[in-house]
Amino acid sequence: MPSPSPDSPDSAGPSNPFAADVGAQWAAHHPGLDTSPMELVGLLKHATGLLNRAVEPLYAGAQLTAPELDMLIPLRHATEPFIARSLAERLGLSRAGVSKTLGRLEQRGFIARTPNPADRRAALVTITEAGAKAVDDLFPRQLSVEIGLLDGLGEDRAWVTEALRRLVAVMESSAGRG
């Protein structure tokens with residue numbers, strides 16, 4: 001299904017007037033500067049902000065933060081231990097950030113790290129029973145909020161998903177990861 005044009009009445013929502021205003025301001029002060037990414041990037045950031053605000057109440061008083069839950073989800077049903085580097089790559093995060101989060105999770109008993117016999121520089125990471133219980137408690141509630149946020153897409157959900165897959169592939173390729 002082709003996407004509606006941003007100006008059509010069938011458009012999925014308003015364009016980003018802030019990005020257009022800022023783009024016009026930059027164009028006025030720096031003619032020739034390509035501000036074309038601003039609307040797309042601005043919309044992505046706005047969508048991320050809306051998602052974060054929607055799930056934020058779930059984490060008030062929860063055992064985990066949103067980044068900690070994101071770190072535990074791949075571990076929850078893993079049949080083999082992970083190493084931090086592969087978690088970082090899978091989640092698109094820095095190794096330092098992953099290491100710091102894993103340290104906090106380990107201190108609270110949500111993961112265990114054991115020496116990797118194949119590489120002494122990398123520990124094997126597994127989720128503990130307490131970590132699995134925390135994920136099983138919180139993740140279904142987060143999914144419920146996300147379902148509510150995306151319900152309005154209806155039949156358009158498939159092409160939005162495909163467009164985002166394409167965007168991620170292009171960005172990974174441009175970043176030298178593809």
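## Exercises on salt bridges and helix packing

At 33% relative accessibility, Glu106 counts as partly exposed, because buried means under 20% relative accessible area, exposed over 50%, and partly exposed in between (1.4 Å probe, protein chains only). The model is predicted, with local features needing pLDDT of at least 70 and side-chain atom pairs counting only at pLDDT 80 or more, whereas totals for chains, interfaces and linings use all residues. Residues are numbered from 1 along each chain as its sequence is written, and side-chain values use heavy atoms, with hydrogens and water left out.

**Exercise 1.** Find which residue forms a salt bridge with Glu106, and state its exposure.

*Solution.* A salt bridge requires a side-chain nitrogen of Lys or Arg within 4 Å of a carboxyl oxygen of Asp or Glu. The partner of Glu106 is Arg113, the closest N and O atoms being 3.1 Å apart. Arg113, with a relative accessible area of 28%, is partly exposed.

**Exercise 2.** Describe the salt bridge between Asp136 and Arg76, and locate both residues.

*Solution.* The closest N and O atoms of Asp136 and Arg76 are 2.8 Å apart. The pair links distant parts of the chain, since Asp136 lies in helix H6 (residues 129–150) and Arg76 in helix H3, 60 residues apart; helices here are DSSP runs (H or I, at least four residues), numbered from the N terminus. Asp136 is partly exposed at 38% relative accessibility, and Arg76 is partly exposed at 22%.

**Exercise 3.** Determine which residues of H3 meet H5.

*Solution.* With contact taken as heavy atoms within 4.5 Å, Pro67, Glu68, Met71 and Leu72 in H3 meet Val98, Thr101, Leu102, Arg104 and Leu105 in H5.

Methods:
Helices (H or I, at least four residues) and strands (E, at least two) are DSSP runs, numbered from the N terminus.
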